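Colleague: Please put the model up and take me through it. I'd like to start at the N terminus.

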Amino acid sequence: MFGIHDLGLFVVSGLLLNLMPGPDSLLIMTRSATQGARAGCVAALGIGAGVFIHMFAAALGLSAILSTSATAFTVVKYVGAAYILYLAFGLLRSKPRAAVNAAPTAPMRLTKIFAQGFLTNVLNPKVALFFLAFVPQFIQADAQYKAFAFLVLGVIFNVNGMLWCFALALFTARAKARLQIGARTSLWLNRVTGSLFVWLGVKLALSK
């Protein structure tokens, strides 16, 4: 259908790829652990919106620029790495709530959480290259409407990914509620997550 072949293999491969930890998963888990499942799901929606940007860009051939132009790839790569390191800095400089103020801290606005998820995904050039390298393998060479087939596969991949992201947000929030994570433990989680973001940011900056 639409020149698509091995759809079942595509779905399974996409689910396995979504299970691999990365900046998106860490952001969802951090927001769910600090502000609950709703915040984690909003972060997931932002990430899903970012995936749609990559999907349409790849379908229109725009992402091919990243695979052929070293300059374009380098610019996007460093901007993305800088943003991930910016998120890491915010997590690493967090302090125990009791040490800052006896009153509960104001939660991050959902619009800002959505923007974080969106930018974390959009500014990662590896996502664009993934669409160019992975999706075409499941489109027949003689397909009449290759761009449409690309979009269909992209939507399937994104929907499956969003289901996983929502499940991750709900699981993290429930685990936090059961464990009754306190301020000190929450601070420790922020520091660990911030350190992982530093590693991911440096890894992205050094990628070729």
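Modeller: A word on terms first: helices (H or I, at least four residues) and strands (E, at least two) are DSSP runs, numbered from the N terminus. This is a predicted model, in which local features need pLDDT of at least 70 and side-chain atom pairs count only at pLDDT 80 or more, while totals for chains, interfaces and linings use all residues. Residues are numbered from 1 along each chain as its sequence is written, and side-chain values use heavy atoms, with hydrogens and water left out.

Colleague: Fine. Where does D6 sit?

Modeller: D6 is in the segment before α1. Its phi is positive, about 55 degrees, although D6 is not a glycine.

Colleague: Is D6 buried or exposed?

Modeller: In between: D6 has 47% relative accessibility and counts as partly exposed. Buried means under 20% relative accessible area, exposed over 50%, partly exposed in between (1.4 Å probe, protein chains only).

Colleague: And the whole chain, how many helices and strands?

Modeller: The chain has 10 helices and zero strands. Read from the N terminus, the order is α-α-α-α-α-α-α-α-α-α.

Colleague: How much of the chain is buried?

Modeller: Of its 208 residues, 41% count as buried. The chain exposes about 11,500 Å², and 70% of that is supplied by carbon and sulfur atoms. Those areas come from the Shrake-Rupley method with a 1.4 Å probe; for residues, only the protein chains shown count as cover.

Colleague: What about contacts across the sequence?

Modeller: Take the contacts (heavy atoms within 4.5 Å) between residues at least 6 apart in sequence: 87% of them join residues at least 24 apart.

Colleague: Give me some examples of distant parts coming together.

Modeller: A33, in helix α2 (residues 23–35), is 137 residues from L170 in sequence, and their C-alpha atoms are 9.7 Å apart. Outside its neighbours within four places in sequence, A33 is in contact with T172 and K176. A33 is buried because its relative accessible area is 17%.

Colleague: Any others? I was wondering about K77: what is its separation from L206?

Modeller: Their C-alpha atoms are separated by 8.8 Å, with the two positions 129 residues apart along the chain. K77 is in helix α5 (residues 70–92) and, at 7% relative accessibility, counts as buried.

Colleague: Which helix holds Y78?

Modeller: Y78 is in α5. Y78 is partly exposed, with a relative accessible area of 46%. From Y78 to P125 is 47 residues in sequence and 9.7 Å in space, C-alpha to C-alpha.

Colleague: Change of topic. How many aromatic pairs are there?

Modeller: The structure holds two. In one of them, the ring centres of F10 and F138 are 5.2 Å apart and the planes are at 70 degrees, so the pair is edge-to-face. Rings of Phe, Tyr and Trp (its six-membered ring) pair if their centres lie within 6.5 Å; planes under 30 degrees apart count as stacked, over 60 as edge-to-face and the rest as tilted.

Colleague: What does the pairing of F10 with F138 tie together?

Modeller: F10 lies in helix α1 (residues 7–19) and F138 in the loop between α8 (125–134) and α9, so the pair ties together parts that are 128 residues apart in sequence.

Colleague: Are F10 and F138 buried or exposed?

Modeller: F10 counts as buried, at 1% relative accessibility. F138 is buried too, at 6%.

Colleague: Next, N121. What does its side chain make a polar contact with?

Modeller: With the side chain of D24, at 3.0 Å. A polar contact is a pair of N or O atoms within 3.5 Å; within protein, one must be able to donate a hydrogen and the other to accept it, and residues adjacent in sequence count only if both atoms are side-chain atoms.

Colleague: And what surrounds N121?

Modeller: Apart from neighbours within four places in sequence, N121 is in contact with D24, I47, G50, V51, H54 and V127. N121 is in helix α7 (residues 110–122) and counts as buried, at 2% relative accessibility.

Colleague: Last one, the surface. Which residues form the nonpolar patch?

Modeller: F52, F56, V155, V159 and L163, with about 420 Å² of accessible area together. Patches are made of residues with over 30% relative accessible area and no salt bridge (a side-chain nitrogen of Lys or Arg within 4 Å of a carboxyl oxygen of Asp or Glu); like charges are joined within 9 Å, nonpolar side chains (Val, Leu, Ile, Met, Phe, Trp, Tyr) within 5 Å.

Colleague: Which helices supply the patch?

Modeller: α3 (37–59) and α9 (146–179) each supply at least two of its residues. The largest share, three residues, comes from α9. F56 lies in α3 and is partly exposed, with a relative accessible area of 44%.
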